[in-house]
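Subject: Structure handover

Hello,

Here is the structure we talked about. Please open it alongside this email; my notes follow below.

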Amino acid sequence: MTAVQSPDSTTVTASLVAVRPTVSTDRLLADLVPPPHFERARFATYRANPDHPSQAATLARLQEVAAEIAAPAPSGLKALLGRRRAAPAVYMDGGFGVGKTHLLTSLTHAVTEALGEGTAAYGTFVEYTNLVGALGFLPTVEALATRRLVCIDEFELDDPGDTVLMSRLLRELADRGVALAATSNTLPDALGEGRFAAEDFLREIQALAARFEVLRVDGDDYRHRAVVTDADPLPLATVRSVVAATPGAVLDDLGDLLAHLATVHPSRYGALLDGVRLVGLTGFGPVTRQEVALRLVVLVDRLYDRDVPVLLAGVDGADQRALFTPEMLAGGYRKKYYRALSRLGALAQEGRALAGV
């Protein structure tokens, strides 16, 4: 994180735009662990809603899966006479904020605690596709094949190329005996569509479909579908004041930051936030280009993973209640955009609490 001179103040403020992160292969692999936001997530801390029995049922099944993965392999005569059992593969299907990521990270923690560090990998769909982009397909397979469990959060079906890539990666890992667990989201209010998400997933992974067990997780968004569009941006002076008084805070113009993200590989967005404790964004307003909006989605995911609060200062006269265009919210990437709105809204609420407003 680099300090830069504010254009209209003598205050020296840290800026993400000034950071050019470099990330080694070892770090890319080491970072495949549950993010700080879910560091304490365990099966015991998951609170299943009694109004939605599928939550308790999924919890119980994942505990069985963890025990199955951690169980020692048969040996001796029993191993010679017995049929090799395929490693478990589970897919959690449900809407936003019903606790799927809590359950998935709990499974990762359970296997790691039973078998030791480096035995389970956890990452989002985007992080795995970025890993393949950074390392190459075969090196990624070889690296992940050493794990007993690979967890993929937010499996996405909106990019055919990435979907085929991930399907092939999962097939290679399953053939090598690696256990798999995945989640995906449905739209917040698309109740009918949500019922078909599992069918879409199974269709896209094709040859692996028969290996996956589908676990439906019903429920309401625990974030109450709070989105950044529910709250007005803060005054610019307030954002600057709070940033200046907060160690580890950064201040950037949203337009400048989005331009900077175009020069940084998405696999490095996490490293971009090393040491950052608060992000202040000025000039906050609508994003109209889809490729730019998708980069912002990845950054919001990394901010959310790291529990980094956000302070938003809007553009005078701009409609801050429309971060993404109606066309984006109705298009093929809408699930990503709704997730980003939900997560950014939660981080903005934390930022407003820090600012005392």
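A polar atom of the Asp-253 side chain lies 3.0 Å from the backbone nitrogen of Asp-256. The same side chain has a polar atom 3.0 Å from the backbone nitrogen of Gly-255. Please keep in mind that this is a predicted model.

Asp-253 belongs to strand E8, which covers residues 249–253. Is Asp-253 buried or exposed? Neither: its relative accessibility is 28%, and buried would need under 20% while exposed would need over 50%, so Asp-253 counts as partly exposed. Setting aside neighbours within four places in sequence, Asp-253 is in contact with Thr-282 and Gly-283. Thr-282 is 29 residues away in sequence, yet the two C-alpha atoms are 4.6 Å apart.

**The E9–H13–E10 unit**

Strand E9 spans residues 278–284. E9 and E10 run parallel and are joined by 4 bridges. Within this pairing, Val-279 stands opposite Val-310 of E10. Helix H13 (residues 290–305) completes the picture: E9, H13 and E10 form a right-handed β-α-β unit.

How many residues of E10 are buried? The count is 4 of its 5 residues, so by the cut-off of under 20% relative accessible area this strand (residues 310–314) is mostly covered.

Look also at Asp-307, in the loop between H13 and E10. Its phi is positive, about 55 degrees, although Asp-307 is not a glycine. Asp-307 has 31% relative accessibility and therefore counts as partly exposed.

**Val-17**

Val-17 sits in the loop between strand E2 (12–15) and helix H1 (25–30). Where does it make contact beyond its neighbours within four places in sequence? Its partners are Asp-252, Asp-256, Leu-257 and His-260. Take Leu-257: it is 240 residues from Val-17 in sequence, but 5.7 Å away in space, C-alpha to C-alpha. Val-17 counts as partly exposed because its relative accessibility is 29%.

**Helix H4: Thr-101 and His-109**

Helix H4 covers residues 100–115. Two of its residues deserve a look.

Thr-101 lies in H4. It has a relative accessible area of 11%, so it is buried. Which side chain does the side chain of Thr-101 meet in a polar contact of 2.7 Å? That of Asp-153. Leaving out neighbours within four places in sequence, Thr-101 is in contact with Phe-38, Tyr-122, Asp-153, Glu-154 and Arg-343.

His-109 is also placed in H4. With a relative accessible area of 12%, His-109 is buried, because the cut-off is under 20%. Its side chain reaches the backbone oxygen of Glu-39 at 3.4 Å. Not counting residues up to four places away in sequence, His-109 touches Pro-34, Phe-38, Glu-39, Ala-41 and Arg-42. Phe-38 is thus among the contacts of Thr-101 and among those of His-109.

**Glu-154**

Glu-154, one of the contacts of Thr-101, lies in the loop between strand E5 (149–153) and helix H7 (160–175). Its phi is near 60 degrees, a positive value in a residue other than glycine. Glu-154 is buried, since its relative accessible area is 7%.

**Helix H2**

Does the length of H2 come out as long or short as its residue count predicts, and what are the numbers? H2 has 18 residues, 53–70. At 1.5 Å a residue, these should span 26 Å. The end C-alpha atoms are 26 Å apart, so the two values agree. The buried residues of H2 are Ser-54, Gln-55, Thr-58, Leu-59, Arg-61, Leu-62, Val-65, Ala-66 and Ile-69.

**The protein overall**

- There are 15 helices and 10 strands.
- Of the 357 residues, 50% are buried.
- The accessible surface is about 16,300 Å², and carbon and sulfur atoms hold 53% of it.
- Among contacts with a separation of 6 or more, 84% are between residues 24 or more positions apart.

The Val-17 to Leu-257 pair, 240 residues apart in sequence, is a good place to start on screen. Then move to the Asp-253 side chain and the backbone nitrogens of Gly-255 and Asp-256.

Best wishes

Notes:
Residues are numbered from 1 along each chain as its sequence is written. This is a predicted model: local features need pLDDT of at least 70, side-chain atom pairs count only at pLDDT 80 or more; totals for chains, interfaces and linings use all residues. Side-chain values use heavy atoms; hydrogens and water are left out. Helices (H or I, at least four residues) and strands (E, at least two) are DSSP runs, numbered from the N terminus. The expected span of a helix is 1.5 Å times one less than its number of residues. Buried means under 20% relative accessible area, exposed over 50%, partly exposed in between (1.4 Å probe, protein chains only). A polar contact is a pair of N or O atoms within 3.5 Å; within protein, one must be able to donate a hydrogen and the other to accept it, and residues adjacent in sequence count only if both atoms are side-chain atoms. Contact means heavy atoms within 4.5 Å. Accessible areas come from the Shrake-Rupley method with a 1.4 Å probe; for residues, only the protein chains shown count as cover. Two strands pair if DSSP finds at least two bridges between them. A crossover is right-handed if, with the strands pointing away from the viewer, the path from the first strand over the helix to the second runs clockwise.
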